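Q: Could we go through this model and ask, for each term applied to it, what the term rests on?

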Amino acid sequence: MEIKSYDAIIVGGGLAGMGATIELAKAGIKVAVVTTTHPVRSHTVAAQGGINASLGNHPEGGDDSWERHAFDTIKGSDYLADQDAVENMVKEAVPRVYELEHWGVAFSRFDNGKIAQRPFGGGAFPRTCFAADRTGHALMHALYERSVRYKIPVYEDHVVVKAVVADGRVHGVIALNLVSGELIGFKAKAVMFSTGGCGQIYSKTTNSIINTGFGMAVALRAGVPLKDMEFVQFHPTTLYGTNLLISEAVRGEGGYLINNKGERFMERYAPKAMELAPRDIVARAIMTEIKEGRGFEDAYVHLDVRHLGAEKILTRLPQIRELGIRFAGVDCIHEPLPVQPGNHYAMGGIDVDKTTMSPFVKGFFSAGEAACVSVHGANRLGGNSLLDAAVFGKIGGQKMAEYIKTHEINLSDSDSLMEQAMKETKEWIDGFIDEKNEHNPFQLLNEMRELMMDKVGVFRSEDPLKDALNRIREMKKMVVEEGVTVIVKSRRFHRGLERTIYFDGMLDLAECITLGALTRTESRGAHYRTDYPKRDDDNWLKHSLYWFQGRGKPIKMDYKEVIITKWQPMERKY
Ligand SMILES: Cc1cc2nc3c(=O)[nH]c(=O)nc-3n(C[C@H](O)[C@H](O)[C@H](O)COP(=O)(O)OP(=O)(O)OC[C@H]3O[C@@H](n4cnc5c(N)ncnc54)[C@H](O)[C@@H]3O)c2cc1C
């Protein structure tokens, strides 16, 4: 089995990962990217609506500032975000957006030539910069093109299945080469996990099929704790039928939400912000309308943009129109779009501080959606996640370079650990291959995804959460004690085997989310308990941490203080 050697390994070639890679290459560090998909096929390319920065370009926007951006983000987070990290992010937002513009991101413009900005949910100013409704695509391509000049090796079609951690530091990672079916080791002095979100844990999600969250599970299993996993964002407007995202930009441009009585029902839930209240509030409002019989077919409400006119729809929302036509048979120039809430984003992730390094494992970094810095707390504002990935990817790359240059690490010290880990990983993966095929992993995976949607969704309460937790723990035991297996003739590009490996890790993440949701007896941001509908700062103004105790064994929890600097918690009203 082959073991390669680098100073730094970036796991995942999305917005965060490629941003870090460029900084490392600039600093002269020997770096490689190990990634399941080619960088420009990362989920970032699906991002539609935009990226926030207080440029203050909007002609009617007034004077925006980083302080206002920070306040909106912290209020949006229901005061669970770490305020020092938020301050970092919003201050860096302006230079980072200009830097990306100079690298070739084709942002949409106002008539005066400045970068255009649109209003987004929970923002007091129109501060979301965009490239029509294809912002992620524009960002990802510019960043990838930038990385090409540094000739950085990219190992694509490689899934990282293990992180090697010992003596409180990282030694490298082990990947499954999907093309050959072989394992390959990468020794490194520092490693960044920028593996994106975990939306595929839920049956209704806007996330691509690659967003299994498996990278988070690999970190958890290596002894790097996860943080705040119970906070799962449900986007209010996903297309009924496929749950493809219908961007908040549609409401930012002036779209209305309408129930079966023809009412703009947001009046009842957020009389000032209306459709542009934060996502947690709008998602609950839509679910309430549907539950109380004011939806359509008991499943969706209408998102109406007809009053915006064809010209605006064609220039500002061309992709949305196309998605409506292709996937729902609805042309939004003439008819309203059918929408319902769906899983969209993980506020939680790998616990790191504002340098993006784990406080528990030296040399282990994480940025982007896989990480929890935490800048989104209990609820993320639209446009802040591309920003998180763009800013902390860059900061992470710089901090990794600094770490590598200031620590004397001898890569050959990791040889025997890597070899041992390769052997154990091979045994674990071989365990998924058997002619008998006792339990079908795909059936169990589907059951888990439905369970999460039904019992750990927008509205939560004790009994359904307990049921879900019991079943997830049963499944975990079944996987370890009885085995889930696929039949393998050839290991080359064996998608079945790949998905089975993911499922094994996804069960741990599902347990973290459910256990956290059951334990947190309050409502905050996206976590809403019908049996505990109030926020409880006395007991719960704290981050949850999750620790792995072994495959098939229950996850252990503890807690960590929230960093509060200048913004004292207040009641959240819109
Ligand atoms: C449809 C959609 C629209 C969105 N729109 C917006 C928006 O308008 N504004 C906004 O701010 N946010 C938006 N978001 C959220 C935002 O796009 C993401 O949070 C962000 O792009 C994540 O970037 P990332 O670099 O962390 O991860 P990703 O871009 O998801 O990249 C992850 C990378 O890791 C690789 N990978 C994963 N697991 C492994 C593994 N085990 N081994 C090796 N490689 C691995 C993948 O192949 C991929 O290359 C949207 C999200 C979705 C789903």
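Q: Which helix gives the largest share of the lining of the second largest pocket?

A: In this predicted model, helix α8, residues 279-291, supplies four residues to the lining of the second largest pocket, and that is the largest share. The pocket itself holds about 510 Å³ of space, and of its 20 lining residues I281, R284, Y528, P533 and R572 are the closest to its centre.

Q: What makes residues of the second largest pocket's lining count as nonpolar, polar or charged, and how many fall in each class?

A: The classes follow residue type, with Asp, Glu, Lys and Arg counted as charged, and on that basis the lining divides into nine nonpolar, three polar and eight charged residues.

Q: Which domains each give at least three residues to the lining of the second largest pocket?

A: They are domain 2 (239-341) and domain 3 (416-561), each of which contributes at least three residues to that lining.

Q: How do you know that domain 1 and domain 3 are in contact, and how many residues take part?

A: Contact requires heavy atoms within 4.5 Å, and by that criterion 54 residues of domain 1 are in contact with 48 residues of domain 3. The centres of these two domains, taken over C-alpha atoms, are separated by 21 Å. The domain assignment builds domain 1 from the segments 2-49, 84-100, 133-232 and 345-413.

Q: What makes the pairs between the ligand and L15, A16 and S385 polar contacts?

A: A polar contact is a pair of N or O atoms within 3.5 Å. A polar backbone atom of L15 is 3.0 Å from an oxygen atom of the ligand, a backbone N or O atom of A16 lies 2.9 Å from a ligand oxygen, and a polar side-chain atom of S385 lies 2.6 Å from one; therefore each of these pairs meets the cut-off. S385 is also among the closest of the 38 residues that surround the ligand, together with H43, T44, G49 and E369.

Q: Where does H43 sit, and which residues does H43 touch?

A: H43 lies in the loop between β3 (31-35) and β4 (51-52). Leaving aside residues up to four places away in sequence, H43 touches T206, N207, S208, I210 and N211. The C-alpha atoms of H43 and T195 are 9.8 Å apart, although 152 residues separate the two along the chain.

Q: Why are the bond between V373 and S374 and the phi of D228 singled out?

A: Most peptide bonds are trans, and most residues other than glycine have a negative phi. V373 and S374 are joined by a cis peptide bond, with omega about 5 degrees, and S374 is placed in the loop between β19 (371-372) and α11 (384-406). D228, in the loop between β12 (226-227) and β13 (232-239), has a positive phi near 55 degrees.

Definitions and conventions:
Residues are numbered from 1 along each chain as its sequence is written. This is a predicted model: local features need pLDDT of at least 70, side-chain atom pairs count only at pLDDT 80 or more; totals for chains, interfaces and linings use all residues. Side-chain values use heavy atoms; hydrogens and water are left out. Helices (H or I, at least four residues) and strands (E, at least two) are DSSP runs, numbered from the N terminus. On a 1 Å grid over the protein atoms alone, a cavity is a set of points where a 1.4 Å probe fits but cannot get out, and a pocket is an open set with protein on both sides within 12 Å along at least five of seven lines; lining residues have an atom within 4 Å of a point. Grid points are joined across faces, edges and corners, and a volume is the space filled by probe spheres set on the points. Domain bounds come from an automatic or database domain assignment. A residue is near a molecule or strand if one of its heavy atoms lies within 4 Å of it. A polar contact is a pair of N or O atoms within 3.5 Å; within protein, one must be able to donate a hydrogen and the other to accept it, and residues adjacent in sequence count only if both atoms are side-chain atoms.
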